[in-house]
Amino acid sequence: MLLGVERGDTVFCSALTFAASANPIVYQGAEPVFIDSEPGTWNMSPAALEDALRDARSNGRMPRAVIVVNLYGQSADFDPIVEICGRYGVPIVEDAAESLGAFYKKRPSGTFGALGVFSFNGNKIITTSGGGMLVSDDEALISRARFLATQAREPALHYEHRVIGFNYRMSNILAGVGRGQLRVLQQRVEARRAVFDRYRRGLAGVARLRWMPEPEWSRSNRWLSACTLDGAVPGDDIPRVIRQLAAERASKPGRCGSRCSSSQSSRNAASMPTKGGRCRRSCSRAACACRPGRT
Ligand SMILES: Cc1ncc(COP(=O)(O)O)c(C=O)c1O
C-alpha cells in the first residue's frame, strides 16, 4: 500500500521463500512474478532480476516494487540488486523476516530497500509472540504506515476517517519484550551459528549433502540450518544422520539457543554433558546468560 501497489499491478518477488512474502501482493489485487534464485546465496539472482526487468520494460508492464527475501537468515546480494532496481526506477522491499542480526558487507540486514520488514513471530531469532517491525529512511513512508496501522484516524479532536485503516499496532508490553531481547540479539546469532556448525561437523562426509553456502561478504544469522540433499542419503549414512538429529534434539538448548550446563540448569543436566562445570558441546562459558524461566 505504501508503495502504491494496486489491482492489476505486478510485483516481483523472490521465488524461494515462505508464502508470507508474496501474500501482501495478492492482498492488493496485484500479481506476483517470481524471480529465480542463484546457487551462491539461495536468494534472488541479480541476473534473473535484470532479465525480468528488461522484459517488463519492453512489454510496457514494469513492476511496482521488488520484494527481495533474505532466506534462512542470509542476505541477498544487494549491491547488484540495488544498482539494477535503481537503474529501472523500481523500489525494493527487503523481506528481512528471518535475517535480523545478519549483515551484508558489514551493513545490517533489512536496511537496503525503500522499506525493510522484520518478523517477531514465535519461531524467529527474537520474538514478541507475534508481530514485526517496518523500517525505512523515508520519514513520510513511516508516518503513513503508522497512520494506516492505527485505524487511519485523521489528526482531529473528533473521530474522522477518510480512508480505510487497520489495527496493526504492537502493544507496548510486547514491544518491551522485544526491546529486551535486542540486547541479546548477537548472542542469539552466535548460538544459531553454533547449531549450524554442530550439524556441519556431525554430518561431515555424508555424501550428496550440501550446506547453505555463506559468501565471504555475508554474515548470516543462520536462523535455520539448511542443507540440500542431492538424491537420497546413502544407506550407510542414514544411522549417522538420525543420531546427529536426535543428539541435537536431546541436548535441550537454553533459551538463548546454546547448550549450557550451568548449575541453574541442573534440571537438564542428564542430557547436557559437562566437563569441569563447562559445557562440552558449544560454548566454553561456565554458565550461559539464559536461566530457566527467563526469556
Ligand atoms: C521470509 C518470511 N517472510 C515473511 C514472514 C511473515 O512474518 P510474520 O509471521 O511475522 O507475519 C515470515 C515468517 O513468518 C518469513 O519467514
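## Close-up views of a predicted model

**Figure 1. A nonpolar core of 39 residues gathers pieces from across the chain.** In the largest nonpolar core, which has 39 residues, Phe12, Leu49, Val66, Ile67, Val68 and Ile81 touch the most other members. Strand 1 (10-14), helix 2 (46-58), strand 3 (65-69), helix 3 (78-88), strand 4 and strand 7 each give two or more residues to this core. Strand 3 supplies the largest share, 5 residues. In soluble globular proteins, nonpolar side chains tend to be buried together. Remember as you look around that this is a predicted model.

**Figure 2. Leu49 and its contacts.** Let's zoom in on one of the core residues that touch the most other members, Leu49. Which residues does Leu49 touch, not counting residues up to four places away in sequence? They are Phe12, Ile35, Met44, Val66, Ile81 and Ile84. Among these contacts, Phe12, Val66 and Ile81 are themselves on the list of core residues that touch the most other members.

**Figure 3. Helix 3 has a buried side and an exposed side.** Start with Phe78, Ile81 and Cys85, which are buried in helix 3. Because these residues cover an arc of only 65 degrees around the axis, they sit on the same side of helix 3. Now look at the other side of helix 3: here Asp79, Glu83, Gly86 and Arg87 are exposed. What covers the buried residues of helix 3? The cover includes helix 2, strand 3, strand 4 and strand 5 (103-104). Just past the helix, find Gly89, which follows helix 3 and has a positive phi, near 70 degrees.

**Figure 4. Strand 7 is covered on both faces.** Is strand 7 (residues 115-119) largely enclosed or largely open? 5 of its 5 residues are buried, so strand 7 is largely enclosed by the rest of the structure. Take the two faces in turn: Leu115, Val117 and Ser119 are buried on one side, and Gly116 and Phe118 are buried on the other.

**Figure 5. Strand 7 pairs with strand 4 and with strand 8.** Strand 4 (residues 92-95) and strand 7 run parallel and are joined by 3 bridges. To find your place in this pairing, look for Val93, which stands opposite Leu115 in strand 7. Strand 8 (residues 132-135) runs antiparallel to strand 7, and 4 bridges join the two. Here a useful landmark is Ser119, whose bridge partner in strand 8 is Gly132.

**Figure 6. The shell around the ligand mixes nonpolar, polar and charged residues.** The residues around the ligand are Thr17, Phe18, Ala20, Ser21, Val69, Asp95, Ala97, Glu98, Ser119, Asn121 and Gly132. How many of the shell residues are nonpolar, polar and charged? The shell divides into 4 nonpolar, 5 polar and 2 charged residues. You may recognise Ser119 and Gly132 among the residues around the ligand; they are the bridge partners from the previous figure.

**Figure 7. Three strands make an open antiparallel sheet.** The 3 strands of this open sheet come in the order 6-5-10, with antiparallel pairing. Strand 6 (107-108) and strand 10 (218-219) are the edge strands, each pairing on one side only. Strand 5 and strand 10 pair over 2 bridges in the antiparallel sense. You can spot this pairing at Tyr104, whose bridge partner in strand 10 is Ser218.

**Figure 8. Stepping back to the protein chain.** There are 7 helices and 13 strands in the protein chain. Of its 295 residues, 31% are buried. Among contacts between residues at least 6 apart in sequence, 57% join residues at least 24 apart.

Technical notes
Residues are numbered from 1 along each chain as its sequence is written. This is a predicted model: local features need pLDDT of at least 70, side-chain atom pairs count only at pLDDT 80 or more; totals for chains, interfaces and linings use all residues. A residue is near a molecule or strand if its C-beta atom, placed from the backbone, lies within 6 Å of it. Ala, Val, Leu, Ile, Met, Phe, Trp, Tyr, Cys and Pro count as nonpolar, Asp, Glu, Lys and Arg as charged, and the others, Gly among them, as polar. A residue is buried if 20 or more other C-beta atoms lie within 10 Å of its own, exposed if 12 or fewer, and partly exposed in between; C-beta atoms are placed from the backbone. Helices (H or I, at least four residues) and strands (E, at least two) are DSSP runs, numbered from the N terminus. Two strands pair if DSSP finds at least two bridges between them. A nonpolar core is a set of buried Ala, Val, Leu, Ile, Met, Phe, Trp, Tyr and Cys residues joined through C-beta atoms within 7 Å. Two residues are in contact if their C-beta atoms, placed from the backbone, lie within 7 Å. The arc is that of the directions from the helix axis to the C-beta atoms.
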